[in-house]
Structure formats: structure tokens, C-alpha cells
Amino acid sequence: MRIAGFMAALLGACVLAGCAVSTRPDLAHRAVAPHRTPVIPPVGFFYSDFKAPLTSGPTGFGSKKGVATSRQIGLPPIPVRGLFAGLDLIGWGDASDKTAAKNGGITRVEHIDYRLEVILFFYRRFTTEVYGD
Amino acid sequence: MKMTAALVASFLLALGAVGCVGAPVVPPLGVIYTDLDAPLTLGGGDFGSRRGESSVECFLGLISTGDAGVRAAAKNGGISQVKRVDYEFYNLLGIYQRYTTVAYGN
């Protein structure tokens with residue numbers, strides 16, 4: 001019983017310890033939205049729809065905006081050995097800044113934000129938003 | 001039994017998300033309470049005369065919404081030329097978390 005308690009505490013500590021790093025490879029984030037960006041606000045376990053910066057240097061915004069989107073479908077975290085952190089099945093789309101700029105008729109990119117939508121682990125949509133002229 | 005295990009696993013994952021934020025610079029966070037500011041822009045530079053904020057709010061670690069883009073922060077502060085960007089992170093027991101992008105400029 002003591003060993004079980006110790007193991008639970010250790011697991012909890014490991015999960016929490018993953019938080020204090022830049023790209024959040026902690027288990028919870030991996031299950032909810034395994035994206036890697038410089039800035040990751042708190043992700044909701046059931047539903048997320050937020051925007052955050054991709055670039056954070058000195059910048060203007062120009063007069064145009066272009067977006068490009070990629071999508072992913074995966075499985076929720078399943079408490080089975082090997083599948084615990086969820087399973088990413090299909091990812092498709094072009095969320096590159098080049099495509100976003102092209103879609104917005106932008107030749108000079110000034111700033112980039114991103115938008116992330118996550119619905120119950122299953123569906124994730126990542127949108128790159130480019131600002132410029 | 002399997003349902004209980006699934007619920008426990010989900011709870012553990014939700015608990016793991018509490019108090020978490022990702023950024024180039026992340027000071028030590030508190031799981032119970034956090035209220036901190038840290039830089040997003042690294043390197044030298046001035047701040048300009050204006051300040052604008054934009055936020056993402058997360059409730060119970062379950063639902064997360066908002067626009068914390070630099071564009072939104074600049075718009076809220078009436079800034080056309082951003083000089084520097086910081087962020088603020090607030091967490092109270094994982095019940096309420098708020099990430100705020102702070103833009104400085106003219």
C-alpha cells in the first residue's frame with residue numbers, strides 16, 4: 001500500500017515537473033494538444049479555442065492578413081499500456097507562413113500569431129495568421 | 001472498474017495541466033497560486049509609450065478560450081508599432097488560469 005502511494009506521488013510529480021519547460025512535453029499537454037510553439041497558454045482539457053503569438057519581436061502589422069490551416073484527428077488518451085498519451089492518427093493541411101502570406105496577398109510578413117482549436121482530443125485545428133503588406 | 005480507471009487517468013491528466021504555461025522564459029510556477037510576469041521578447045530595446053493586453057482564460061483546466069495574440073494586444077493598446085512583448089500568467093488552484101500577452105510600443 002505504501003509502495004502504491006509512493007508510486008502515485010512519483011507519477012504526479014513527474015507529470016507536474018514537465019510543466020516548467022518551454023515546449024511543454026508534459027503528459028497532459030501531450031494528450032490534449034501536442035503542438036510545439038514558443039508560447040502555449042493553458043490548454044483546456046475538453047475544449048480550447050485561443051490565439052497566441054508565434055513571433056514576439058519588435059513588429060508592425062501592415063495592412064493585410066493571411067491564414068493557413070492544418071488539421072489533425074487523433075484518439076483520446078486511453079488507459080492502456082502504450083496508448084496512455086493518446087494516439088495521433090491523421091494530420092493534414094498546410095499551415096506554413098508562406099501559404100498564409102500567399103492566401104493574404106502578402107509579400108512582406110511583419111508578424112505571425114496562431115490559433116488553436118481542440119475539441120475533446122479528437123479534432124485539432126491549427127491556423128497560422130500572418131500580418132504584413 | 002475500467003471506467004473508474006479511465007476517470008482516474010483523465011483526472012490525473014487534467015491535474016497535470018494545472019499551472020502550466022509554455023514560453024521561451026518560464027519562471028518557477030506554483031500549482032496552488034501563481035501570479036508572474038516574464039519576457040517574451042529577448043534582447044535589447046525600448047518600450048515606447050503605450051501598453052496593450054490580450055488574454056486567454058482557462059476554467060477548471062477544462063475550457064480555454066480567448067485571443068492572446070500580439071495583434072490583439074496591440075489593437076487593445078492602440079499600438080501600431082510594437083517594441084517589446086511580455087506575458088503575465090495567473091493561476092489559482094487550477095480553477096482559474098489566465099495567460100496575458102502584454103505589448104509595448106507606439
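## Nonpolar core

In this predicted model, the largest nonpolar core holds 42 residues, and the members touching the most others are Ala52(A), Val130(A), Ala74(B) and Ala103(B). Both chains supply elements that give two or more residues to this core. From chain A these are strand S1 (47–53), helix H3 (97–103), strand S4 (109–119) and strand S5 (123–132). From chain B they are strand S2 (50–59), helix H2 (70–76), strand S4 (82–92) and strand S5 (96–105). S4(A) provides the largest share, 5 residues.

The surroundings of Ala52(A) also draw on both chains. Beyond its neighbours within four places in sequence, Ala52(A) contacts Thr37(A), Val39(A), Ile40(A), Pro41(A), Asp113(A) and Tyr114(A) in chain A. In chain B, Ala52(A) is in contact with Val56(B), Ala68(B) and Gly69(B).

## Confidence in chain A

The mean pLDDT of chain A is 79, and 68% of the residues score at least 70. Among the elements of this chain, helix H1 (residues 2–17) has the lowest mean, 55, while H3(A) has the highest, 94. The pLDDT is below 50 over residues 13–18 of chain A. This stretch nevertheless has 11 contacts in the model beyond near neighbours in sequence. H3(A), with the highest mean pLDDT of the chain A elements, is among the elements that give two or more residues to the core.

## Layout of chain B

Chain B contains 2 helices and 5 strands, in the order α-β-β-β-α-β-β from the N terminus. Of its 106 residues, 42% are buried. When contacts in chain B between residues at least 6 apart in sequence are considered, 59% join residues at least 24 apart.

## Loop residues of chain B

Gly30(B) sits in the loop between helix H1 (2–17) and strand S1 (33–39) of chain B. Gly30(B) counts as exposed because 12 other C-beta atoms lie within 10 Å, and the class covers counts of 12 or fewer. The C-alpha atoms of Gly30(B) and Leu92(B) are 8.9 Å apart, although the two residues are separated by 62 places in sequence.

Two leucines in other loops have positive phi values: Leu60(B), near 60°, and Leu93(B), about 55°. Leu60(B) belongs to the loop between S2 and strand S3 (63–67) of chain B, and Leu93(B) to the loop between S4 and S5 of chain B. Leu60(B) has 15 C-beta neighbours inside 10 Å and is therefore partly exposed. Leu93(B), with 14 other C-beta atoms within 10 Å, is also partly exposed.

Key
Residues numbered from 1 in each chain as written. Chains lettered and ligands numbered in written order. Predicted model: local features only at pLDDT ≥ 70, side-chain atom pairs only at ≥ 80, totals over all residues. Core = buried A, V, L, I, M, F, W, Y, C linked by C-beta atoms within 7 Å. Buried ≥ 20, exposed ≤ 12 C-beta atoms within 10 Å, placed from the backbone. Helix = DSSP H or I, 4+ residues; strand = E, 2+ residues; numbered from the N terminus. Contact = placed C-beta atoms within 7 Å. pLDDT = per-residue confidence, 0-100.
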